[in-house]
Amino acid sequence: MRYHVEFVDLVLDYLAAVEGLTDEDRAAIVEGVSEELARDAEHFLALYPLAQEALCFRYDYAQATPTGVHTFDFVVSAHHLEMGVVTVVYVEHSVRPLP
Amino acid sequence: MSHLLEDLAEETSVSIVRTANRLDAEVQDLERVRQEPSPQADRVKRIVEAARQSTEHVLSCIPQTEGVWRSSVAALRTLSAPEAERLLRQLISLFESGLRLARCPRRMWLLAEPFQISPDRLDELERTERRFAELADEAKAALEHRIRGWQPADPLRLAQGMQQALDGKTTRANEAIARFRRPSSQGLG
């Protein structure tokens, strides 16, 4: 089953404000995250549930750019998983400069 | 159900360890055979037969292991935290044993190389080895996530994001991509 993936505005605003990324990088991140979650959301929910929110799970994604490797930790809500929808509700970011 | 899965993972793991031990012993025996003064054709035949049989066996282990993994992933959501951790530890043991097993046939084929014998099904053996390694890494990451109990750096922003989801303040993936990728994009800010 493939899931529909949605993003809350806060997450998109956060991504827009991350320094060292182009808009093309941001589009690629959203595309990559959406593709993987659409395919495997249930798998990630089983493996990485949040202790404090049983119907949410953690999901991480890395994007290499000329400025470094950007790592994003997302929290995804699976409250509507049965209806085929997952929502990305949180993101935090770190960057590791290229050697 | 958790006990059944744990037992299945353990039984599979024990069987794989036992087989890996047997194949280790066979590799050592073949190393000795390779240097024997007997006719070369006999030695080559013995090594190739063993390599082929062990290759066949190792490749047949993957469907069984994948079945245990699929059942376990499906069950994890229904297990208590200690049960899930126990199962994940058992799975790690299974996958690491599988990785050790998967390396044995290649060691046998290496013994055949000086006799100009090319290994059979080398691509499949490499895929099997990679798959056991991937499964071990995935089970380790899931266990570490549960043990460390990941917390967001900004819990307030997480709560706000949850509220936005409840309020329907969301954007579909294709629209979000289009907003960043639009011509002369100025970002969302």
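Here, a residue counts as buried when its relative accessible area is under 20%. With that in hand, welcome to a set of close-ups of this predicted model.

**View 1. A:Phe57 and its ring partner A:Phe44, a stacked pair in chain A.** Let us start with A:Phe57, whose relative accessibility of 0% makes this residue buried. A:Phe44 is buried too, because its relative accessible area is 10%, and the cut-off is under 20%. Across all chains, the structure has five aromatic pairs. In the one formed by A:Phe44 and A:Phe57, the ring centres are 6.4 Å apart and the planes meet at 20°, a stacked arrangement. A:Phe44 comes from helix H2 (residues 23-47) of chain A and A:Phe57 from strand E2 (residues 56-65) of chain A, so their pairing ties together parts 13 residues apart in sequence.

**View 2. The aromatic cluster around the same two phenylalanines, A:Phe44 and A:Phe57.** Step back a little and you will find A:Tyr59, A:Phe72 and A:Phe74 as well, joined with A:Phe44 and A:Phe57 in one aromatic cluster.

**View 3. B:Trp69 and B:Phe95, both buried in chain B.** For comparison, keep in mind that A:Phe57 is buried at 0% relative accessibility. Over in chain B, the ring centres of B:Trp69 and B:Phe95 lie 5.6 Å apart with the planes at 80°, so this pair is edge-to-face. B:Trp69 belongs to helix H2 (residues 40-76) of chain B, and B:Phe95 to helix H3 (residues 81-112) of chain B, so the pair ties together parts 26 residues apart in sequence.

**View 4. Helix H1 of chain A packed with helix H5 of chain B.** Here H1 (residues 9-17) of chain A and H5 (residues 155-166) of chain B have their axes 8 Å apart, at an angle of about 130°. H1(A) and H5(B) are therefore oblique to each other. On the H1(A) side, look for A:Asp9, A:Leu10 and A:Tyr14; on the H5(B) side, the contact is made by B:Arg157, B:Gln160, B:Gly161 and B:Gln164. Sorted by character, the residues of this contact of H1(A) with H5(B) are two nonpolar, three polar and two charged.

**View 5. The interface between chain A and chain B.** Chain A brings 41 residues into contact with 36 residues of chain B. About 3400 Å² is buried between chain A and chain B, and carbon and sulfur atoms give 61% of that area. Do pick out A:Leu10, A:Leu47 and A:Tyr90, the residues of chain A that lose the most area to chain B: together they account for 17% of what that side buries.

Technical notes
Residues are numbered from 1 along each chain as its sequence is written. Chains are lettered from A and ligands numbered from 1 in the order in which they are written. This is a predicted model: local features need pLDDT of at least 70, side-chain atom pairs count only at pLDDT 80 or more; totals for chains, interfaces and linings use all residues. Side-chain values use heavy atoms; hydrogens and water are left out. Rings of Phe, Tyr and Trp (its six-membered ring) pair if their centres lie within 6.5 Å; planes under 30 degrees apart count as stacked, over 60 as edge-to-face and the rest as tilted. Helices (H or I, at least four residues) and strands (E, at least two) are DSSP runs, numbered from the N terminus. Buried means under 20% relative accessible area, exposed over 50%, partly exposed in between (1.4 Å probe, protein chains only). Axes are lines fitted to C-alpha atoms, for helices over the stretch in contact, and angles run from 0 to 180 degrees between N-to-C directions. Angles under 35 degrees count as roughly parallel, over 145 as roughly antiparallel, 65 to 115 as roughly perpendicular and the rest as oblique. Contact means heavy atoms within 4.5 Å. Ala, Val, Leu, Ile, Met, Phe, Trp, Tyr, Cys and Pro count as nonpolar, Asp, Glu, Lys and Arg as charged, and the others, Gly among them, as polar. Buried area is the accessible area (1.4 Å probe) that two parts lose on being put together, summed over both.
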